[in-house]
Amino acid sequence: MSVSIGQPVPDFSASATGDTRVNLSDLQGRQVVVYFYPKASTPGCTTEGGDFRDRKGAFDAANTMILGVSRDGLRAQENFKAKQGFNFELISDQDETVCRLFDVIKLKKLYGKEHLGIARSTFLIDAEGRLAREWRGVKVPGHAEEVLDAARELNAAS
């Protein structure tokens, strides 16, 4: 099962940095950006996370929370968050529950070998818990700003 635009996003619960557990149902009343990245501490993922970090104040002003998700373990996520000064939580989805809910596990090629991995994707959930927007096959440059614009628009419309 995968999420669809305009439909409620099924509740999920996942371990996150800061010794927290994220339950989507607890976040109702706020918009939520859930962005999926392939691997902590890699160049593209570091740039993407930094772009969201640098815009967190603007996301807060748009009543929007940011959550990053990868299959890395909690220790790797904690190290990544600390080293990069991320001001939002990172979800450790080692069992791929959240990844599969959003259908971001795809067959990828690296050095001619195929493997399953996370396709860089972002989802914007409205304050009522419905999927408002999705971006798949994300290219990092300019992406966080585009998501911020969508979050502002959605917040202004509600």
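Q: Which residue stands opposite valine 32 in E8?
A: Valine 32 has isoleucine 125 of E8 opposite it. The model is predicted: local features need pLDDT of at least 70, side-chain atom pairs count only at pLDDT 80 or more, and totals for chains, interfaces and linings use all residues. Residues are numbered from 1 along each chain as its sequence is written, and side-chain values use heavy atoms, without hydrogens and water.

Q: Why are E3 and E8 called paired strands?
A: Strands are DSSP runs of type E with at least two residues, helices are H or I runs with at least four, and both are numbered from the N terminus. Two strands pair if DSSP finds at least two bridges between them. Five bridges join E3 to E8, so the two are paired, and they run antiparallel. E3 also pairs with E4, in the parallel sense over six bridges. There, glutamine 31 of E3 has threonine 64 of E4 as its bridge partner.

Q: How do you know that E3 is mostly covered?
A: Six of the six residues of E3 are buried (under 20% relative accessible area with a 1.4 Å probe, protein chains only; over 50% is exposed, and in between is partly exposed). Gln31, Val33 and Tyr35 point one way, whereas Val32, Val34 and Phe36 point the other way.

Q: What makes histidine 143 buried?
A: The relative accessibility of histidine 143 is 4%, under the 20% limit, so this residue counts as buried. Histidine 143 has its place in helix H5. Leaving aside neighbours within four places in sequence, its contacts (heavy atoms within 4.5 Å) are Glu48, Phe52, Thr122, Trp135 and Val138.

Q: How does the reach of H1 compare with the expected span?
A: The expected span is 1.5 Å times one less than the number of residues. H1 (residues 43-54) has twelve residues and reaches 16 Å from its first C-alpha to its last, close to the 16 Å expected. Among its buried residues are Cys45, Glu48 and Phe52. The buried residues of H1 pack against several elements, including E3, E4 and H5.

Q: How do you know on which side of H3 its buried residues lie?
A: In H3, the buried residues are Gln77, Phe80 and Lys81. Measured by the directions from the helix axis to the C-beta atoms, they cover an arc of only 95°, which puts them on the same side of H3. The face turned away from that side carries the exposed residues Arg75, Ala82 and Lys83. H1, E4 and strand E5 (89-92) are among what covers the buried residues.

Q: Why is one aromatic pair called tilted and another stacked?
A: Rings of Phe, Tyr and Trp (its six-membered ring) pair if their centres lie within 6.5 Å; planes under 30 degrees apart count as stacked, over 60 as edge-to-face and the rest as tilted. The structure holds eleven such pairs. Phenylalanine 52 and phenylalanine 59 are 5.8 Å apart, centre to centre, with 40° between the planes, so the pair is tilted. Phenylalanine 86 and phenylalanine 88 are 5.3 Å apart with 15° between the planes, so that pair is stacked. These four residues belong to one aromatic cluster with Tyr35, Tyr37 and Phe80.

Q: What makes a set of residues a nonpolar core?
A: The members are buried Ala, Val, Leu, Ile, Met, Phe, Trp, Tyr and Cys residues joined through side-chain atoms within 4.5 Å. The largest such core has 24 residues, and Phe36, Phe102 and Ile125 are among those with the most contacts inside it. Another core, of 20 residues, lies apart from it and includes Phe80 and Trp135.
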